[in-house]
Amino acid sequence: MKKQGKILLALLLIFGISVFTAGCSKNENSSDGQGTDGTDGNPTVTNGPVSGGEIIVGITQDFDSLDPHKAHAAGTQEVMFNIFEGVVKPDKDGNLVPAVASDVAISEDGMTYTFTLREGVKFHNGALVTAEDVVYSLKRSAGLLETVDPEVIVTSALSCISDITASKDASGKDIVTVSLSTANTELLGYLTSAIIPKDYENQANAPVGTGPFKFVSYTPLASFVMEKNPDYYGVAPYLDKVTFKISADTNTAFMELLAGGIDIFPYLTSEQASQLTDNYNIEVGTANLVQALFLNHTEKPFDDIRVRQAMCYAINRTEILDMVADGKGTLIGSNMFAGFAKYFNADVVDTYPHNIEKAKELLADAGYPDGFEMTITVPSNYQFHVDTAQVIVEQLKQVGITAKINLVEWSSWLEDTYRGRQYQTTIVGLDANLAPSDVLKRYRSTASSNFLNYVNEEFDRIFALAIAETDDAAKVAYYKQLQEILANDAASVYIQDPASYVAVNKKLAGYTFYPLYVQDMSKVYFVK
């Protein structure tokens, strides 16, 4: 017996995904609310929104791939959110809502997901979306195609899928059925994976999706341009054209903001934000990231838990928030941010209170009474992480650790640090899909994304139990236990979910925070 989509979506949100509604906090300038045109997420303004116009959005990272199934970087995916959609997609409150599919039904045993496709959805090249396109896209993401492209990032969470088939219901509507080998109550959170045309072979150069904007052009290290999709099935964007201008780093983009050359910029430091209030509204939310000093467990001395714990005691996270973010941001104690409210284990946040003497004691016990030298690799395009590294360097001096900062370009960080694992320590922010397993899965010993080289058999065992568990309370307990394991192991020096300062031209409104790392331009508009 199957129940119809909207009821099941609501149930799924109650049991897993509605935890994200606590993911954003906004200041008095926030552009969230009910639009004058009645569309969800567009703010109320006295004179109403204007349709049309062009804007420039500043970003500080280049794209690692225009093919949505080959992109590793969160910075790529935050832009591509405007171009691609899955069978479902997240809204601003963290709910998964119908997208390419109009309805979803889940069997009572959790082993079958049935999607009724929305009629009349077009790809950006004008072709109608078919069930075969959806089957192809999901199989590609799950690694189920007969011919496997080695560059496609196979989503491990989809490994529970045994088959994906297309059919028609009694009324002639297209149906896609996803059959599982084992039940997975988090699966829907991964089915935001982009739906792309089955026979289109130029995604890497001219991407084609179903989103509210369509691709116009891309110039590496310079810009990504998109325009309104006139055939979009949903609420059409207000803006005609958006250019994402790629700057080398935050400071370069800031200079362009001062000159009025950028309309929106989402990576400000608190100090920079304070200098822009004449011409920009400063929106404040949470970044929905895990910022940490990540440690390579195969590099000495970080293979020693005593050294890792000493570093956790030595680093004063509250001071970091005060110095780099005006005290804003949310402290974390493991690889989970507070936006996952139901799963977030607040008990581990204070596992390592700032304690210089305890840090020195642990270092001496590990054989480093005089400290040691180390390198922190930081992508130079993220000033927030650079500023954090500078504070940490000074803090570690207090326990005899001499740290130097190695600034690298974003492409080098992806290739050498993330993929190549050639580093000692690094500071970045890690994002996640709308599923708690996605935040923690990189710590599995066999995970391709385990750039920390972390190995813990108990973590692997509990993670497998968490994935397989269908009882909600038990699943929550498993995920909190996983966070305890990472905290007790001092797997990394977990710092914060950073505050997000966004400069928005005062001529604009509608900028909307999401409980995940995206830049949704479909709600932005010029004010009369």
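**Exercise 1. Helix packing**

In this predicted model, how are α12 and α13 oriented to each other, and at what angle do they pack?

Solution. Begin with the two elements: helix α12 covers residues 457–468, and α13 covers residues 472–488. Two packed helices are described by the angle between their axes and the distance between the axes. For this pair the angle is about 160° and the axes lie 9 Å apart. Angles over 145 degrees count as roughly antiparallel, and α12 and α13 are therefore roughly antiparallel to each other. The last step is the handedness: the crossing in which α12 passes α13 is left-handed.

**Exercise 2. The cavity**

How many cavities of 30 Å³ or more does the structure hold, and which elements give two or more residues to the lining of the largest cavity?

Solution. There is one cavity of 30 Å³ or more. The volume of the largest cavity is about 110 Å³. Its lining consists of 15 residues, and those closest to the centre are Cys-312, Arg-317, Gly-333, Tyr-352 and Tyr-494. Two or more lining residues come from each of α13 (472–488) and β19 (492–497). With three residues, β19 gives the most. By residue class, the lining has 11 nonpolar residues, three polar and one charged.

**Exercise 3. A sheet of four strands**

What is the order of the strands in the open sheet of four strands, and which are the edge strands?

Solution. The order is β5-β6-β8-β7, and the pairing is antiparallel. Strands of a sheet pair through backbone hydrogen bonds, either parallel or antiparallel. Next, find the strands that pair on one side only: these are β5 (101–106) and β7 (161–168), the edge strands. From one strand to the next, the twist averages 20°. Now take the edge strand β7: seven bridges join β7 to β8 (residues 174–180), and the two run antiparallel. One residue pair can be named here, since Lys-168 has Asp-174 in β8 as its bridge partner.

**Exercise 4. A sheet of three strands**

In what order do the three strands of the open sheet that contains β1 lie, and which residue of β22 is the bridge partner of Val-50?

Solution. The strands follow the order β1-β22-β21, with antiparallel pairing. The edge strands, each pairing on one side only, are β1 (49–50) and β21 (508–509). Between β1 and β22 (residues 525–527) there are two bridges, and these strands run antiparallel. The partner of Val-50 in β22 is Phe-526.

Definitions and conventions. Residues numbered from 1 in each chain as written. Predicted model: local features only at pLDDT ≥ 70, side-chain atom pairs only at ≥ 80, totals over all residues. Heavy atoms only, no water. 1 Å grid on protein atoms, 1.4 Å probe; cavity = no way out; pocket = protein on both sides within 12 Å on 5 of 7 lines; lining within 4 Å. Points joined across faces, edges and corners; volume = space filled by probe spheres on them. Nonpolar A, V, L, I, M, F, W, Y, C, P; charged D, E, K, R; others polar. Pairing = 2+ DSSP bridges. Axes fitted to C-alpha atoms, helices over the stretch in contact; angles between N-to-C directions. Parallel < 35°, antiparallel > 145°, perpendicular 65-115°, else oblique. Left-handed = near helix turned anticlockwise from the far one by under 90°.
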